[in-house]
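Q: Got a minute to go through this model with me? I'd like to start with charges sitting over rings.

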Amino acid sequence: MKNILFVASESVPFMKTGGLADVVGALPKYLNKERYDVRVMIPKYLAIPAKFKEKMQYKTHFYMELAWRRQYVGILETVVDGITFYFIDNEYYFAGDKPYGNIYEDIEKFAFFCRAALSALPQIGFRPDLIHCNDWQTGLIPVYLHDSFEQGDFYRGIKTVMTIHNLKFQGIWDKKTVQDITGLDRYYFSPDKLEAYGDANYLKGGIVYADYITTVSETYAGEIKSAFYGEGLDGLMRARSNCLCGIVNGIDYEEYNPETDPYLIQNYNAQNFRKEKVKNKLALQEELALEQDEKRFMIGIVSRLTDQKGFDLVQCVLEELCDTDTQLVILGTGDPKYENLFRHYEWKYHGRVSANIYYNNERAHRIYAASDAFLMPSLFEPCGLSQLISLRYGTVPIVRETGGLRDTVVPYNEYESTGTGFGFSNYNAHEMLSMVRYAKHIYYNKKREWNKMVDRGMAEDFSWATSAKKYEDLYRNMLGE
């Protein structure tokens, strides 16, 4: 039996701001329990809902040196779905109503978290054979392990995996401050270690010192070796490419199951979707005051409203997208210019456009089930979960062929009758628009072909079980099993 510890800044069900939390909450459940004892460690944020805090049990506490400071570290634990979760407690660092704030505060907060996570291990009596680190917030774990923890017998030989969920976020701050905060020797702040373009970079430290690096799709693992996607670290990614691979994320097939989803007006499956799925569309049209028409082509968007997600393309051709034979349903928050853009179009085309500028999980499920197509024109997309949920719900994705979108959506080929969605390759608004029009043409004029595409999409398997096997292979190779 090998011990695996996941360390991350967030995890469902306790705290979620993005896809990282889904991965950390779901993947451990699907790893082989006979072979691995998998546990998870995250911060104990003040913002974690009370119903979860009530179930946490105090384990122990101690004081830890962090550079010239002496800090309290509390450890609590709870078990969810058979997985033990540990929480690192320190109210000075983890107060506030959300997990992240100003970067200069986060830099110190996560230096504390990384050091506390390692220091807590002997206290809880759990020695991992491998620590699975996630994103820049845990980037210092491989560095600290190499630096001050290497001498102790307890820590010697612990392997590390660094998973990059989004290379855009790296944890960058000025070198002198980071040196002061972390207590790391000047030796670590050189261009072949933590230093990048004059600043200190947490993620870079993790990439340099981890035994292996993974990203969340095969295409993204290739893309980040190029200057366009590499966010300034493409040279390092090329240098470490012999220890780099992409494993596509999964989704929780129990949570996202149109047959049992409690949020849907009408449940359905791959056998009866032709009759039953449309009832969700009619219900959503009524709920959102859209024109009631079961045949109208409905495009769903559930997303952060940011440039990364391709909304500058949508903005370019929104007038053309809001055609009389189309309904557009948007759910999400983000950049005020996009929030206001969609609000304006809802006002302008009342009955055709619905702008839901907030996030609501129940509404998200209903949009996935009700829409005919789902639009994701991302500039870059490390993995993306929305297209996987869409396929599961028989909603045809229209995506830009980048990162995980390219790995998971097979472009439709009308001559061979293959494919599970529509893809366009250039980051170009009119190319996106013509692909939306092409999808609409198939929907209205070749309905049997459309339904066959839905069949193929619903038959795909993007559950965590598939991805977990790939992670197990990686762990086996690293641990020499």
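Q: What lies over the face of Y144?
A: That's R115, at 4.8 Å from the ring centre. A charge sits over a ring here if NZ of Lys or CZ of Arg is within 6 Å of the ring centre and within 35 degrees of the ring normal. Bear in mind that this is a predicted model, where local features need pLDDT of at least 70, side-chain atom pairs count only at pLDDT 80 or more, and totals for chains, interfaces and linings use all residues. Residues are numbered from 1 along each chain as its sequence is written, and side-chain values use heavy atoms, with hydrogens and water left out.

Q: And which charged end sits over the ring of Y253?
A: The one of R392, 3.9 Å from the ring's centre.

Q: OK, rings with rings. How many aromatic pairs are there?
A: The structure has 35 aromatic pairs. Rings of Phe, Tyr and Trp (its six-membered ring) pair if their centres lie within 6.5 Å; planes under 30 degrees apart are stacked, over 60 edge-to-face and the rest tilted.

Q: Which residues form a cluster?
A: One aromatic cluster is formed by Y45, Y92, Y93, F94, Y100, F110, F112, F113, W136 and Y202.

Q: Y202 is in α7 too, right where that helix meets α5. At what angle do α5 and α7 cross?
A: Roughly 55°, with the axes of α5 (residues 140–147) and α7 (residues 202–209) coming within 7 Å. Axes are lines fitted to C-alpha atoms, for helices over the stretch in contact, and angles run from 0 to 180 degrees between N-to-C directions. Helices are DSSP runs (H or I, at least four residues), strands likewise (E, at least two), numbered from the N terminus.

Q: Why call α5 and α7 oblique?
A: Because under 35 degrees counts as roughly parallel, over 145 as roughly antiparallel and 65 to 115 as roughly perpendicular, with the rest oblique; α5 and α7 are therefore oblique to each other.

Q: Who makes the contact between them?
A: L140, P142, V143 and H146 of α5, with Y202, G205, G206 and Y209 of α7. Contact means heavy atoms within 4.5 Å.

Q: Switching to α1 and α18, how do their axes cross?
A: At roughly 75°, coming within 9 Å, so α1 and α18 are roughly perpendicular to each other. D22, V23, A26, L27 and Y30 in α1 meet W464, A465, A468, Y471 and E472 in α18.

Q: Last thing, where's the cis peptide bond?
A: Between V12 and P13, with omega about 5°. P13 is in the loop between β1 (2–7) and α1 (19–30).
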